[in-house]
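Hello,

Here is the structure I promised to pass on. Have a look at it first, and then read my notes below.

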Amino acid sequence: MMCQSEARRGPELRAAKWLHFPQLALRRRLGQLSCMSRPALKLRSWPLTVLYYLLPFGALRPLSRVGWRPVSRVALYKSVPTRLLSRAWGRLNQVELPHWLRRPVYSLYIWTFGVNMKEAAVEDLHHYRNLSEFFRRKLKPQARPVCGLHSVISPSDGKILNFGQVKNCEVEQVKGVTYSLESFLGPRTYTEDLPFPPAASCDSFKNQLVTREGNELYHCVIYLAPGDYHCFHSPTDWTVSHRRHFPGSLMSVNPGMARWIKELFCHNERVVLTGDWKHGFFSLTAVGATNVGSIRIYFDRDLHTNSPRHSKGSYNDFSFVTHANREGVPMRKGEHLGEFNLGSTIVLIFEAPKDFNFQLKTGQKIRFGEALGSL
């Protein structure tokens, strides 16, 4: 009886060994992968992760039983060389198009993104030699009247993602998703043009920006879509004293991505302009995005964005306050300030009295020159 039972179990044992063999082999392989360096491990696991998200649900589930875990979608997206792609796109934008090809190419873009060419200073599509010139087209003077009754106007065309008071030293990039104020603006340094001592805590960092008693700190986030007017202007009368450039990633900043990636604006390349207006501290930050490697500030010729090499987390400071110019760069409300090569984001952070009111709704479309808020 014993021999017969063993004989019957023989095929079952062989089948069990056959079924377990792939798992053993996979475990050994994963053990070898775990001994690799982190870059090599990412390189090896990346193709499997792509297949995990592309194949039908559960197709690669057996791999999870032997200890393999896919790279998160966020990590996978961050591994895409967006800076390299943006530089390549920038080179492509500079290529002069044949005269016969300009109208069909620009017409396709206009149809796709809903561009209103009747507002352009030059409506003739053959006038724009390349895509870069078309993206940076100027508007007719009467296309964007500047509101003179309100203290702060929209610096650009776009969509309002969020606005309100800054609370707990965090700013909302979209509803429910925040980022650190200090990570976004960078640490304060003790210099002649920035007379603030280093912050010892979150509250003290916020408090050092609020220079006048009874004031609060406010913010407003404006998203520029690819079809929007790509130049941005001064949102009020103020003086720019300092520029801080953060080289970083160039991930997409569309609202869907902003909900997906926490502190997206702190990861991306950005140019922070800080200074003063009649109520105290004022800052405007131009945030780069995929295919928007070029951020240009008209009065800052030393600024160079999307450089091939940069150190993660680094930043470059430049002061507009000199011995010859003790005040900085004065800007009038509505004056041309800079431009993007494609859609991106503008973030305003400023100090104002407690009775400052935004006249906005989250998600509304806004155009340059229209009111953001007033006292």
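Leaving aside neighbours within four places in sequence, which residues is Asp237 in contact with? They are Trp277, Met331, Arg332 and Lys333, where contact means heavy atoms within 4.5 Å.

Before going further, please keep in mind that this is a predicted model, in which local features need pLDDT of at least 70 and side-chain atom pairs count only at pLDDT 80 or more, while totals for chains, interfaces and linings use all residues. Residues are numbered from 1 along each chain as its sequence is written, and side-chain values use heavy atoms, with hydrogens and water left out.

To stay with Asp237 for a moment: this residue lies in the loop between β6 and β7. Its relative accessible area is 35%, so Asp237 is partly exposed (buried means under 20% relative accessible area, exposed over 50%, and partly exposed in between, with a 1.4 Å probe and protein chains only). One of its contacts, Lys333, is 96 residues away in sequence, yet the two C-alpha atoms are 4.9 Å apart in space.

Thr239 tells a similar story from within strand β7. Its C-alpha is 6.1 Å from that of Gly328, and 89 residues separate the two in sequence. Beyond its neighbours within four places in sequence, Thr239 is in contact with Thr274, Gly275, Asp276, Glu327, Gly328, Val329 and Pro330. With a relative accessibility of 23%, Thr239 counts as partly exposed.

Now the chain as a whole. The chain has eleven helices and 17 strands; these are DSSP runs numbered from the N terminus, helices being H or I of at least four residues and strands E of at least two. Of its 375 residues, 46% are buried. If you take the contacts between residues at least 6 apart in sequence, 75% of them join residues at least 24 apart.

Next, the annotated positions. UniProt, in an unreviewed entry, lists Asp157, His233 and Ser344 under "active site". These three span 188 residues in sequence, but no two of their C-alpha atoms are more than 14.2 Å apart, so they gather at one spot. The UniProt positions are given in the numbering used here, with feature names shortened, and the annotations may be inferred rather than shown by experiment.

His233 sits in strand β6, which covers residues 231-233. At 2% relative accessibility, His233 counts as buried. Apart from its neighbours within four places in sequence, His233 is in contact with Pro155, Leu284, Gly334, Glu335, His336, Leu337 and Phe368.

Ser344 appears a second time in the unreviewed UniProt entry, as "modified residue: Pyruvic acid (Ser)". Ser344 is found in the loop between β13 (336-340) and β14 (345-353). Ser344 counts as buried because its relative accessibility is 0%.

There is also a small sheet story to follow. Three strands form an open sheet in the order β1-β17-β15, with antiparallel pairing; two strands pair if DSSP finds at least two bridges between them. The edge strands, each pairing on one side only, are β1 (152-153) and β15 (357-358). Strand β17 (residues 371-374) is joined to β1 by two bridges, and Val152 stands opposite Gly373 of β17. Two bridges also join β15 to β17, with Asn357 having Ser374 in β17 as its bridge partner.

Finally, how many cavities of 30 Å³ or more does the structure hold? There is one. Here a cavity is a set of points, on a 1 Å grid over the protein atoms alone, where a 1.4 Å probe fits but cannot get out, and lining residues have an atom within 4 Å of a point. The largest cavity has about 60 Å³ of space, a volume being the space filled by probe spheres set on the points, which are joined across faces, edges and corners. Its lining consists of Leu185, Gly186, Arg188, His242, Arg244, Val272 and Thr274. Strands β7 (238-246) and β8 (270-277) are the elements that give two or more residues to this lining. Thr274 of the lining is also among the contacts of Thr239.

Best wishes

Notes. 1 Å grid on protein atoms, 1.4 Å probe; cavity = no way out; pocket = protein on both sides within 12 Å on 5 of 7 lines; lining within 4 Å.
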